[in-house]
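Work through the exercises below with the sequence and the coordinates open. Each task is followed by a solution in steps.

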Amino acid sequence: MVFIVSLSVTKTYRADVIWLGTHGNYNPEFQLGQWSFNGFFMSNLGEVKTETNGDYKKAADIFGYAANLRAGYKFGQTADDNITIDLFFASGDDDNLDDKKYNGVLTGNNWGLPGGIMVSHGAYLLYPHGNVVNRYVAAINDLSNIGLGQIGGTLNFSKSLIPNKAFAKVGVAAAQSMVEPNGGGKMIGTEVNAMINYKPAVYMDIELHGAYLWLGDFYESKSVNGGMDVKPDNPFTVFVVFKWLMF
Amino acid sequence: MVDVLVSSLIIVELKMRKTKLYISIFLASILIACSPYGNLTKMEFEELQYPFEVNKVELEDGRKIAYVDEGNSNEVIIFVHGLGSYLRAWEKNISELKKEFRVIAIDLPGYGKSSKELHPGTPEFYSDVIAQFMDALEIDKANIAGHSMGGQAAIALSLKYPDRVKRIILAAPAGIEEFTEGQKEWFREVMTVQGVKLTPVHQLRANVYANFYNMPDDAEFMITDRIALREAEKFDNYCYTVVQSVKGMVDQPVVHLLPKITQPTLIVFGENDNLIPNPYLNPGFTADIGRKGNELIQNSELVIIPECGHFLQFEKPEVFNEAVRNFLR
């Protein structure tokens, strides 16, 4: 794997990184009781060396970390009757390697941080969702938030309408960057969403999803909004999903 | 149980170097499974602890039936447990109802402390067993209470031996919910002796939890007993019995025979039963199943217990016991 690390001067470099972390869960599917907990902590540490006349010398230390904690409570008959809160944190870096330290999270690929690809938080536009085609271009398209870090979370309320056959869910999500991009602020956005699920047959689901995201002042920065002079329009999505597990 | 996956250390070398390899090893991912059941020791079926004196009687065919017999009254209730269960399923009911009735709870053949000969496991087979059991105890007629699969057995008994059944108490009974031929075939194929035998601990726990809306702490023995029995000498026979019992229920449906029941019948369901109707095959409201049984059984009354799951007589024993008292008075 090779990461693109932005150096103030273009040089040949080498980066050695270690990922160290842990992941744990209790009753993730509400099968063993009313409470559910899930979370991870993952850090990346190492160093970047740059080459001068054939010698590699340390240019910067790397230390970034990310954490997640999810807690859920099942208040009704089925696993669809629950309220769940999901919190994220990723350290950020505001000056790249200029201070000889890089404190962002290195994920390797979008949301591919060792510890799992996170698409089960219930958000659609602020964080990536497994059922939307643009899941790699969510407002926060990567846990590291392009190295700037972030703190955010989702809150979801799900209620069974017909036990094990239909349920509805509403949710909110919000996040802010740990670092202000040039010309912008920290607030990334606030999302509201809803979905309804119906199972017409065994292992068959029909779902209607919808979400709206109010972009924050983070997107006033040209460096993160694609070079636009103004903040982009608030995005929304509405879509229908048909799932059928055939075996 | 707390499962903790510790990805202890992952070292990835980003750029392989000939002269100076940093460390290109993948040390380990350590799976630590912290189980509260680690100290359970192997147990034989005979070592199951029942809170009542256990008796045994030999039937005509040589099978030995374990049972408890409490209370002194001419009004007899025979309790029949459900799939994969045993007579302890009724312990909260026996202890109360014995004050007014003679209460007898049995371990069906293959379950609990009863003998473990192989058998067809059909509702009709169980009805024959109960009839033989009544013969052995010289009970001419009794009230029959059955939970889940035991409810279907009670229905079969009342149909085959109507003169032996005074009244019927059906606690979350199987036999009212209908299955298509395809669904029945699915049950037959998915239930195997090996599958039952090798059920992992977390699934055993989930299976027990699924029986409750809010599992009471004192139901924990249902999990620990099941785990401790996994190496019992007759465990294979028990697993076979479970499989046969499921096949028996789907092979001998009784729903079309419910209108033929003439005995007064009490039907009790937990409003939040996660097993009836089947959550995968026929998801929906449990109360609808109860109402269907109430309509099909001519002389029946229905009680729906709110905030209560499948194991209603254990989860809400006060409500169930009171319903039984009112029904039998």
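**Exercise 1. Find the residues that Phe79(B) touches beyond its sequence neighbours, and place Phe79(B) in the core.**

Step 1. Not counting residues up to four places away in sequence, Phe79(B) touches Leu87(B), Trp90(B), Val103(B), Ile104(B), Ala105(B) and Ala145(B); a contact requires C-beta atoms, placed from the backbone, within 7 Å.

Step 2. The model is predicted, with local features needing pLDDT of at least 70 and side-chain atom pairs pLDDT 80 or more, while totals for chains, interfaces and linings use all residues. Residues are numbered from 1 along each chain as its sequence is written, and chains are lettered from A and ligands numbered from 1 in the order in which they are written.

Step 3. The largest nonpolar core holds 78 residues, and Phe79(B) is one of those that touch the most other members, along with Ile78(B), Val80(B), Ala105(B), Ile106(B) and Val268(B). Such a core is a set of buried Ala, Val, Leu, Ile, Met, Phe, Trp, Tyr and Cys residues joined through C-beta atoms within 7 Å. A residue is buried with 20 or more other C-beta atoms within 10 Å of its own, exposed with 12 or fewer, and partly exposed in between, the C-beta atoms being placed from the backbone.

**Exercise 2. In what order do the eight strands of the open sheet in chain B lie?**

Step 1. Take the elements as DSSP runs numbered from the N terminus: helices are H or I over at least four residues, strands E over at least two. Two strands pair if DSSP finds at least two bridges between them.

Step 2. The order is β3-β4-β6-β5-β7-β8-β9-β10 in chain B, with mixed pairing. At the edges are β3 (55-58) and β10 (300-305) of chain B, each pairing on one side only. From one strand to the next the twist averages 25 degrees.

Step 3. Helix α9 (residues 286-296) of chain B packs on this sheet and touches β9 (265-270) and β10 of chain B; the directions of α9(B) and β9(B) make about 175 degrees. Axes are lines fitted to C-alpha atoms, for helices over the stretch in contact, and angles run from 0 to 180 degrees between N-to-C directions.

Step 4. Within the sheet, β5 (residues 76-80) and β6 (residues 102-106) of chain B run parallel and are joined by five bridges. Ile77(B) has Val103(B) as its bridge partner in β6(B).

**Exercise 3. Describe the contact of α6(B) with α7(B).**

Step 1. The axes of α6 (residues 201-209) and α7 (residues 220-228) of chain B come within 9 Å and cross at roughly 145 degrees.

Step 2. Val201(B), Leu204(B), Arg205(B) and Val208(B) of α6(B) meet Met222(B), Ile223(B), Arg226(B) and Ile227(B) of α7(B). By class, the contact has six nonpolar, no polar and two charged residues. Here Ala, Val, Leu, Ile, Met, Phe, Trp, Tyr, Cys and Pro count as nonpolar, Asp, Glu, Lys and Arg as charged, and the others, Gly among them, as polar.

**Exercise 4. Is Tyr240(B) buried or exposed?**

Step 1. Tyr240(B) lies in helix α8 of chain B.

Step 2. Tyr240(B) is buried because it has 20 C-beta neighbours inside 10 Å.

Step 3. Leaving aside neighbours within four places in sequence, its contacts are Leu118(B) and Val193(B). Gln194(B) is 46 residues from Tyr240(B) in sequence and 8.9 Å away in space, C-alpha to C-alpha.

**Exercise 5. Trace the pairing of β6, β7 and β8 in chain A.**

Step 1. Chain A has zero helices and 10 strands. Of its 247 residues, 38% count as buried.

Step 2. β6 (residues 150-162) and β7 (residues 166-177) of chain A pair in the antiparallel sense over 12 bridges. Ser158(A) stands opposite Lys169(A) in β7(A).

Step 3. On to the next strand: β7(A) runs antiparallel to β8 (residues 187-201) of chain A, with 11 bridges. Ala173(A) stands opposite Glu191(A) in β8(A).

**Exercise 6. Compare the backbone and the burial of Asn164(A) and Glu138(B).**

Step 1. Most residues other than glycine have a negative phi. Asn164(A) has a positive phi near 65 degrees, and Glu138(B) a positive phi of about 55 degrees.

Step 2. Asn164(A) is in the loop between β6 and β7 of chain A; Glu138(B) is in the loop between α2 (123-136) and β7 (142-147) of chain B.

Step 3. Asn164(A) is buried because 20 other C-beta atoms lie within 10 Å. Glu138(B) is exposed because it has 6 C-beta neighbours inside 10 Å.

Terms used
Two residues are in contact if their C-beta atoms, placed from the backbone, lie within 7 Å.
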